[in-house]
Each structure stands twice: as structure tokens, then as C-alpha cells.
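Here are a few friendly notes to read with the model open beside you. Take the points one at a time and find each part as you go.

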Amino acid sequence: MVTPIPAVKYSGISFNALMGLYLAAVLLPWGLSLIEGLEVRGWYEETVVFLSIITFSMMLLQFALTPRVDVVANLSGVDNTMRVHNRFGEYLGYLVLLHPFLIVLPRFIVAPSFAPGDVWDLFTQSETSTGMYAWSLMLVWVLMAVFKDKTGLSYEAWRYTHGIGFIAVIILATHHAVTVGRHGRYNAWFDGLWIVLCALAVGTVLYIWFLRPKRVAQQPFRVVDCHKGSSDDWYLTLEKDGDFPFDFDAGQFAWINTSDSVYARNDHPFSIATSSDSLPKLSFVIRELGDYTKQLGKLKSGQLVWLDGPHGVFTLNARNATGVVLIAGGAGIGPIMGILRELDAVGDRRPVKLVYGNRNIEQMLFLDEFEAMRERLNLNVHLVLDHPPEIFDGHRGFIDREVLSTVMDQPEHVNWDYYICGPPPMVKAVENHLKALSVPKDRILYEQLGF
Ligand SMILES: Cc1cc2nc3c(=O)[nH]c(=O)nc-3n(C[C@H](O)[C@H](O)[C@H](O)COP(=O)(O)OP(=O)(O)OC[C@H]3O[C@@H](n4cnc5c(N)ncnc54)[C@H](O)[C@@H]3O)c2cc1C
């Protein structure tokens with residue numbers, strides 16, 4: 001029997017703590033290289049060695065920093081994990097591109113007239129060839145990452161090429177490191193370390209592509225219903241198809257695979273909009289955006305689908321807030337509704353404020369349910385519309401600082417938790433407004449609908 005994917009029962013560590021762990025992991029191989037006791041050379045050579053080692057560590061670590069490696073993603077949540085992956089992926093690109101120039105720079109300073117010939121010899125040696133291939137491939141993939149949205153590639157094609165491209169890069173780069181690296185020449189274990197780390201990185205991708213789907217196949221669900229809940233959003237309800245253990249916490253998300261094969265890499269992440277007492281059923285709010293979400297109406301009731309999840313730490317778990325502010329933009333109402341329904345299900349009496357923004361009134365969901373919840377919960381609802389109808393009892397415009405300061409009208413708000421969910425630019429903007437309104441960073445939890 002394959003072990004079920006467990007629900008997370010704790011609140012994640014902060015972004016700064018995750019960064020600390022990441023930097024420690026990046027520096028570890030360099031730290032180990034110091035205990036080899038090799039002769040210390042000039043500051044320039046030592047700096048280049050330091051940069052080369054941390055560049056390679058960063059490259060290998062990118063493979064662990066993905067949402068499907070639960071042990072890493074659940075440390076601080078998928079958003080923080082992807083923040084580190086994306087931010088350091090960019091620095092990694094610069095470091096890799098700089099690497100050969102740092103190696104040849106001294107030749108141009110010491111003997112400029114011989115330098116071009118020396119550089120040609122260096123780069124055409126067979127020992128450096130894999131490094132050159134890795135570097136050229138990396139250049140292509142960095143450019144693809146930078147211009148991801150302009151390449152016209154579908155997200156699925158992008159995912160495949162990203163994975164395959166970087167596997168090729170690290171295999172070539174590992175060969176380069178063990179062929180020309182100074183440390184491995186004196187101490188074979190250092191080469192062994194790179195080979196093991198490279199194998200782990202490749203193994204991670206193979207796990208995600210082949211072993212994880214095998215596990216996910218143990219979690220079949222069936223479509224109960226998929227209807228338009230608003231002008232732009234589907235409301236999809238699934239039901240467990242079998243007696244397997246499945247639990248989740250309100251606010252978490254899952255990858256939904258509605259294709260014919262559990263191995264197909266065209267699953268999409270969506271947040272669960274119900275609380276766990278809805279099981280064996282669970283529902284999702286899905287906004288029509290692109291190819292996949294626009295054709296959800298084709299789902300048939302009774303159709304088999306798979307769920308990879310639950311994932312994420314955007315939950316009420318292990319928090320000690322005296323009140324809760326829930327801020328949703330568009331489809332961000334999905335997990336926020338899950339959390340509201342959870343508060344309702346457990347009869348939570350803490351004050352709850354909901355700020356829910358959309359472009360127009362036709363996109364608003366659950367208005368009747370909010371009304372009913374107000375009878376049972378200590379709930380205040382603030383609706384925000386960019387294009388409101390003539391008669392509208394809410395805020396006009398975006399969820400900005402003014403709206404938020406109206407909502408946070410009491411001093412004790414510092415001890416509240418703030419949950420933000422919506423498209424990435426909205427989440428970023430609201431996070432900045434909250435910080436400007438003196439909300440402590442560790443009180444802000446967010447889930448972005450996109451990486
Ligand atoms: C943690 C998380 C939770 C989410 N929860 C919800 C939700 O509850 N409701 C909702 O409407 N949307 C949610 N989204 C966004 C949703 O996954 C995308 O809108 C959807 O996958 C778009 O697919 P598409 O083919 O229709 O659009 P496309 O035009 O192909 O994609 C639009 C954008 O969506 C993102 N995206 C597309 N496919 C994927 C994928 N397979 N994996 C990750 N990102 C992808 C990319 O940023 C892409 O640029 C969530 C996203 C994340 C990361």
C-alpha cells in the first residue's frame with residue numbers, strides 16, 4: 001500500500017528562516033572544501049573558486065526548491081519556496097554567465113597580447129568542453145526563463161523543457177566540475193560529493209515525473225459537478241473515489257489532473273474552497289484564464305480525475321491570532337472561503353474581517369453564504385469593485401491602503417493574522433500596504449495564484 005500524502009499540521013517557518021537554511025546549504029560544499037587543507041592561493045583565485053562552488057551548489061539546489069518536493073515546500077510554503085527558486089535562479093543565471101569570464105580575466109590583465117590565443121586553447125581543450133556545453137545550454141535556458149511569457153510556449157511545454165534542459169545542464173556541469181575542479185583532483189570524496197548531489201537532483205525530477213504520479217494514482221476522485229459560479233469562475237466539486245485516507249486543512253491546494261493518464265504533466269494547482277468536514281467531497285473556485293481553465297465545462301460528472309495534494313501552509317494551523325483579516329482578489333476567494341468555512345464549522349468566535357475584491361459585481365461569489373455566516377460568525381464583509389454598479393454598498397477601486405486602513409480600525413489589529421490570496425501583483429501590492437500600515441511581517445500569510 002502506498003502511503004497517503006499527509007496534510008500539513010503546522011504553520012511554516014518564515015521566509016527569512018528559509019533563506020537562512022538555503023544559504024547554509026549553498027555554503028556547505030564550500031565549507032567542506034576548506035577542510036581539505038589545500039594550499040591557499042591569491043585572493044582572486046580563491047574568490048573564483050568560492051564563486052564556482054557556490055554557483056554549482058545553487059544550481060543543484062534549484063531542483064529541491066520545487067513545489068512537489070514536500071519536505072522542502074512544506075517548510076515555509078510553496079510561495080516562499082518558489083520565491084527563493086525564482087530569485088536565486090536569476091542570480092544563478094548571472095553567476096553562470098560570469099564564470100568563464102572570471103577564469104580568463106587575469107590572462108587579459110597579465111599578458112593581453114597572448115590572451116585571445118590562450119583563451120581559445122582553454123575553451124577548446126577536451127577537459128573544458130562539457131563546461132562550455134553546460135554554459136551555452138544554460139544561456140539558452142536563462143533567456144527562455146526571462147522571456148517565458150513572450151516565447152509563446154504553453155505552460156506545460158515550458159515545464160517539460162525547463163526540467164529536461166536543466167537536467168542536461170547539471171549532468172554536463174558535474175562532469176566539468178569533476179574534470180577541471182581542483183578540489184576533487186586532490187580529494188576524490190569532493191568529486192564524489194558533486195556526483196551524489198547531481199544524482200539526487202536528477203532523482204528528484206524522476207521522482208516528480210514517475211514515482212509521485214504512482215502515489216497520486218492511489219487518490220482517485222470523481223467529478224460531481226462543474227458549473228459556472230460567477231461570470232468568470234467555475235465551481236468544481238469532486239468526490240473521493242475509494243476508501244483511501246485523504247485529509248487536508250482549509251486553505252491548502254492540490255494539483256488536479258483531469259487528463260487520461262496520471263503520468264501526464266498537464267495538471268494544474270487549485271486551492272480547496274471547502275473545509276475538511278466537506279469530505280469526501282471538496283470544491284474549487286477556478287477562474288477562466290487560459291487554455292485549460294476555459295475548457296473546464298467539458299468535464300463530465302462521474303469522470304475520473306487525480307489529486308496531487310494537499311499542499312501548502314496557507315492555513316489556520318498553529319497560529320495564535322486574536323482576530324483574522326482575510327483578503328481575496330478574484331479566484332483568491334477559493335482558499336479564503338475554505339478558511340471561512342472552517343472558522344464557521346468549528347464555531348470560532350474571534351472577529352473576522354473579509355475584504356473581497358473583483359472587477360465587477362458579476363464576478364462576486366458566495367454573497368448569500370457570507371450573509372448567512374454573519375449570523376453565526378463575528379464577521380465583517382468589505383466588498384471592493386473596480387467597476388461597481390450604480391448602487392453598491394462597498395469600496396470602489398482596488399484593495400488599496402485606504403480600504404485596508406478602514407478595515408483595520410482598531411489598535412489591537414497588530415495581533416491579528418492577515419491572509420492574502422489572489423493574482424501575484426495583487427498579493428504583492430496588498431502585502432506592501434499592510435507592511436506600510438505597520439502589520440508585522442510574521443502576521444502576513446499569502447498564497448499567490450501563480451508562481
Ligand atoms: C498554489 C496555487 C494555487 C492556485 N489556486 C487557484 C484557485 O484556487 N483558483 C484559480 O482559478 N486559480 C488558482 N491558481 C492559478 C491556476 O493554477 C492557473 O490559473 C491555471 O493553472 C491556469 O491555467 P490555464 O491553462 O487556464 O492558463 P494559462 O494561460 O496556461 O496560464 C496562466 C498562468 O497560470 C499559471 N499556470 C498555468 N498552468 C500552471 C500549472 N500547471 N502550474 C502552475 N501554474 C500554472 C502560470 O503562471 C501561467 O502564466 C493557483 C495557482 C497556484 C500556484
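1. Which domains does the domain assignment of the protein chain give? They are domain 1 (15-214), domain 2 (220-311) and domain 3 (324-448), with bounds from an automatic or database domain assignment. The C-alpha centres of domain 1 and domain 3 lie 41 Å apart.

2. A word on reading the model: it is predicted, so local features need pLDDT of at least 70 and side-chain atom pairs count only at pLDDT 80 or more, while totals for chains, interfaces and linings use all residues. Residues are numbered from 1 along each chain as its sequence is written.

3. Now find helix 6 (residues 126-146); helices (H or I, at least four residues) and strands (E, at least two) are DSSP runs, numbered from the N terminus. At 1.5 Å a residue, its 21 residues should span 30 Å, the expected span being 1.5 Å times one less than the number of residues. The end C-alpha atoms are 31 Å apart, which agrees.

4. Which residues of helix 6 are buried? They are Gly131, Ala134, Met138 and Trp141. They cover an arc of only 95 degrees around the axis (taken from the directions from the helix axis to the C-beta atoms), so they sit on the same side of helix 6. On the other side, Ser126, Ser136, Val140 and Leu143 are exposed. Buried means 20 or more other C-beta atoms within 10 Å of a residue's own, exposed 12 or fewer, and partly exposed in between, with C-beta atoms placed from the backbone.

5. Last, the ligand: of the 22 residues around it, Gly290, Tyr292, Thr293, Ala331 and Gly334 come nearest (near means a C-beta atom, placed from the backbone, within 6 Å).
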